[in-house]
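Colleague: I'd like to go through this one with you and hear what stands behind each label. Can we start right after the picture?

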Amino acid sequence: EVWRLSAAQVACLIAQRKLSAMEAAESALARLDAVNPRLNAVVDHRPSEVMARARSIDAAIARGEDPGPLAGVPVGIKDVTPTAGIRTTFGSRLYADHVPGVDAEVVARLKAAGAIIVGKTNTPEFAAGANTVNALFGATRNPWDLRLSASGSTGGGAAALACGMIALAEGTDFGGSLRTPAAFCG
């Protein structure tokens with residue numbers, strides 16, 4: 001099952017042409033559809049754009065081009081990190097319809113490396129909190145026990161990663177916002 005593979009494994013298999021970017025993207029989207037309704041980890045995604053990016057990567061590989069070291073790797077971006085053309089709400093009703101015109105540097109670098117941005121992962125409002133809960137999207141649940149917290153503030157990314165909805169999660173950390181969700185979500 002492709003969704004069980006690590007980011008390094010996905011990248012390696014795609015580079016070796018043993019796995020296509022389309023297969024990796026389809027697996028991530030199918031897994032997202034299967035488990036995200038219970039977890040609420042990914043709050044915005046665009047399947048048609050994900051598949052278009054995967055087709056583009058596969059076409060580049062077929063032409064003998066090097067699409068980058070993360071070619072085809074499904075990635076989730078924390079909803080406080082600007083993404084061009086995809087809502088960035090900061091987990092706040094104040095920014096419910098905010099769509100940045102440019103990517104944050106980390107997003108631009110992930111794309112340049114060939115990563116496929118699957119969607120935005122849940123966060124507490126303005127990433128301020130030890131639990132991933134906000135008034136706009138609600139709570140992200142722990143993938144091991146839905147009664148428990150995924151922690152925060154990168155709880156959406158950690159839960160999505162633990163369940164195979166993405167192979168790599170971008171996040172931010174000032175006071176444990178990556179480390180605590182990683183521990184809570186395994």
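Modeller: Sure. Start with Lys78, which sits opposite Thr121 in strand 3. This is a predicted model, where local features need pLDDT of at least 70 and side-chain atom pairs count only at pLDDT 80 or more, while totals for chains, interfaces and linings use all residues. Residues are numbered from 1 along each chain as its sequence is written, and side-chain values use heavy atoms, with hydrogens and water left out.

Colleague: What makes strand 2 and strand 3 partners?

Modeller: Two strands pair if DSSP finds at least two bridges between them. Strand 2 (residues 74–78) has five bridges to strand 3 and runs parallel to it, so the pair passes the rule. Strands themselves are DSSP runs of E, at least two residues long, and helices are runs of H or I, at least four, both numbered from the N terminus.

Colleague: And how do you know that strand 1 pairs with strand 3?

Modeller: Three bridges join them, antiparallel this time, and the rule asks for at least two, so they pair. On that side, His45 stands opposite Gly119 in strand 3.

Colleague: Why is the sheet called open and mixed?

Modeller: Its four strands come in the order 1-3-2-6, with mixed pairing. Strand 1 and strand 6 are the edges: each has a single partner strand, so one side of each has no neighbour in the sheet.

Colleague: What makes you say strand 3 is enclosed?

Modeller: Six of its six residues are buried, so the rest of the structure largely encloses it. The cut-offs, with a 1.4 Å probe and protein chains only, are: buried under 20% relative accessible area, exposed over 50%, partly exposed in between.

Colleague: Then why is Thr123 called buried?

Modeller: Its relative accessible area is 0%, so Thr123 falls in the buried class. It sits in the loop between strand 3 (116–121) and strand 4 (133–134). Beyond its neighbours within four places in sequence, Thr123 is in contact (heavy atoms within 4.5 Å) with residues including Lys78, Asp79, Phe90 and Ser153.

Colleague: What makes the Thr123 and Ser153 pair a polar contact?

Modeller: A polar contact needs two N or O atoms within 3.5 Å; within protein, one must be able to donate a hydrogen and the other to accept it, and residues adjacent in sequence count only if both atoms are side-chain atoms. Here a polar atom of the Thr123 side chain lies 3.1 Å from the backbone oxygen of Ser153, so the distance is within the limit. Ser153 itself is in the loop between strand 5 (138–139) and helix 5, and a cis peptide bond with omega about 15° links Gly152 to Ser153.

Colleague: How do you know that helix 5 is mostly covered?

Modeller: Six of the eight residues in helix 5 (155–162) are buried, among them Gly155 and Ala160. The buried ones pack against helix 2 (21–39), strand 1 (42–45), strand 3, strand 6 (168–169) and helix 6 (179–185).

Colleague: Why does Cys163 count as buried when its value isn't zero?

Modeller: Its 8% is under the buried limit, so Cys163 qualifies. Cys163 lies in the loop between helix 5 and strand 6 and touches Trp3, Arg31, Val35, Leu39 and Pro143, leaving out residues up to four places away.

Colleague: Which class do Arg17 and Ala127 fall into?

Modeller: Arg17, at 55%, is exposed, and Ala127, at 21%, is partly exposed. Both have a positive phi without being glycine: about 65° for Arg17 and near 60° for Ala127. Most residues other than glycine have a negative phi.

Colleague: Last one: what makes a space a cavity?

Modeller: On a 1 Å grid over the protein atoms alone, it is a set of points where a 1.4 Å probe fits but cannot get out, and lining residues have an atom within 4 Å of a point. One cavity of 30 Å³ or more turns up, and the largest has a volume of about 60 Å³, taken as the space filled by probe spheres on points joined across faces, edges and corners. Its lining includes Trp3, Ala24, Gly164 and Met165, and divides into 10 nonpolar, two polar and no charged residues. Gly counts as polar in that scheme.

Notes: On a 1 Å grid over the protein atoms alone, a cavity is a set of points where a 1.4 Å probe fits but cannot get out, and a pocket is an open set with protein on both sides within 12 Å along at least five of seven lines; lining residues have an atom within 4 Å of a point.
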